[in-house]
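Let's take a walk through this structure together, starting from single residues and working out to the chain as a whole. Have the viewer open as you read.

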Amino acid sequence: MLLSLSYLYSSSYSRLCIVRFDLEHTKAPETSTAFLLAEEYIDGLMDAIRQGTLQDFRRALLEPDMLMLDGVDVALEGKDATQQELYYLLRKRHELKRYTVLLACAGPDQLAQRAFLPQLVALIRDSQVECLDEAADGGAGDAR
């Protein structure tokens with residue numbers, strides 16, 4: 001199990017906002033945290049590629065103790081090269097023992113049915129996955 005990655009999903013965006021708020025405000029004072037919308041991640045990645053600063057971009061995303069990336073299910077759908085780069089980032093952050101939280105409105109099974117790379121879906125499935133919808137997955141959250 002990849003313990004340095006959590007994947008939280010809910011059909012209710014307001015639930016994800018509450019989770020994001022809680023995560024940002026309960027961290028230890030000495031812990032560095034970065035929050036990015038998936039669109040900001042994509043824009044930053046494209047700019048870094050155009051400007052030849054990809055290594056700097058990667059290094060900046062490896063630095064924070066906790067990285068939260070919101071909206072991965074919508075923004076990254078069908079973008080194979082961007083998903084591959086995210087896969088690389090998640091693996092590298094895990095090696096460095098950095099914690100990453102992905103926030104989305106679709107669960108891993110839904111990602112597998114959409115245009116997502118199998119290795120990225122597998123990585124998410126191997127992480128701690130939690131559904132924040134009480135009605136989904138038979139009741140309480142699906143913490144694996």
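C131 is a good place to begin: its relative accessible area is 2% in this predicted model, and because anything under 20% counts as buried, C131 is a buried residue. C105 is another matter, since its relative accessibility of 34% makes it partly exposed. If you are wondering about sulfur bridges, the structure holds 0 disulfides.

Stay with the strand β5 for a moment, which covers residues 127-131. S127 belongs to this strand, and with a relative accessibility of 1% S127 is buried too. What does the side chain of S127 find there? One of its polar atoms lies 2.5 Å from the backbone oxygen of I124, a distance that falls within the 3.5 Å used for a polar contact.

Now turn to K97, which sits in the loop that links α5 (80-95) to β4 (99-104). Its backbone deserves a look: phi of K97 is near 60 degrees, a positive value, although the residue is not a glycine. As background, most residues other than glycine have a negative phi. Is K97 buried or exposed? At a relative accessible area of 73%, K97 is exposed, because the cut-off for that class is over 50%.

Next, let's see how two helices meet. Helix α2 spans residues 38-51 and helix α3 spans residues 54-62; their axes come within 7 Å and cross at roughly 145 degrees. On the α2 side, the contact is made by Y41, G44, L45, A48 and I49, while α3 brings L54, F57 and L61. Sorted by character, the residues of this contact comprise 7 nonpolar and 1 polar, with no charged ones. The polar one is G44, because glycine is counted as polar in this scheme.

Finally, step back to the whole chain. Its secondary structure amounts to 7 helices and 5 strands, and read from the N terminus the order is β-α-β-α-α-β-α-α-β-α-α-β. Of the 144 residues in the chain, 42% are buried, C131 and S127 among them. The accessible surface comes to about 7,500 Å², and carbon and sulfur atoms account for 53% of that area. How far along the sequence do contacts reach? Taking the contacts between residues at least 6 apart in sequence, 78% join residues at least 24 apart.

How values were computed
Residues numbered from 1 in each chain as written. Predicted model: local features only at pLDDT ≥ 70, side-chain atom pairs only at ≥ 80, totals over all residues. Heavy atoms only, no water. Helix = DSSP H or I, 4+ residues; strand = E, 2+ residues; numbered from the N terminus. Buried < 20%, exposed > 50% of the residue type's maximum accessible area, 1.4 Å probe, protein only. Contact = heavy atoms within 4.5 Å. Areas by Shrake-Rupley, 256 points an atom, 1.4 Å probe, with all protein chains shown as cover. Disulfide = S-S within 2.5 Å. Axes fitted to C-alpha atoms, helices over the stretch in contact; angles between N-to-C directions. Polar contact = N/O pair within 3.5 Å; in protein donor to acceptor, adjacent residues only side chain to side chain.
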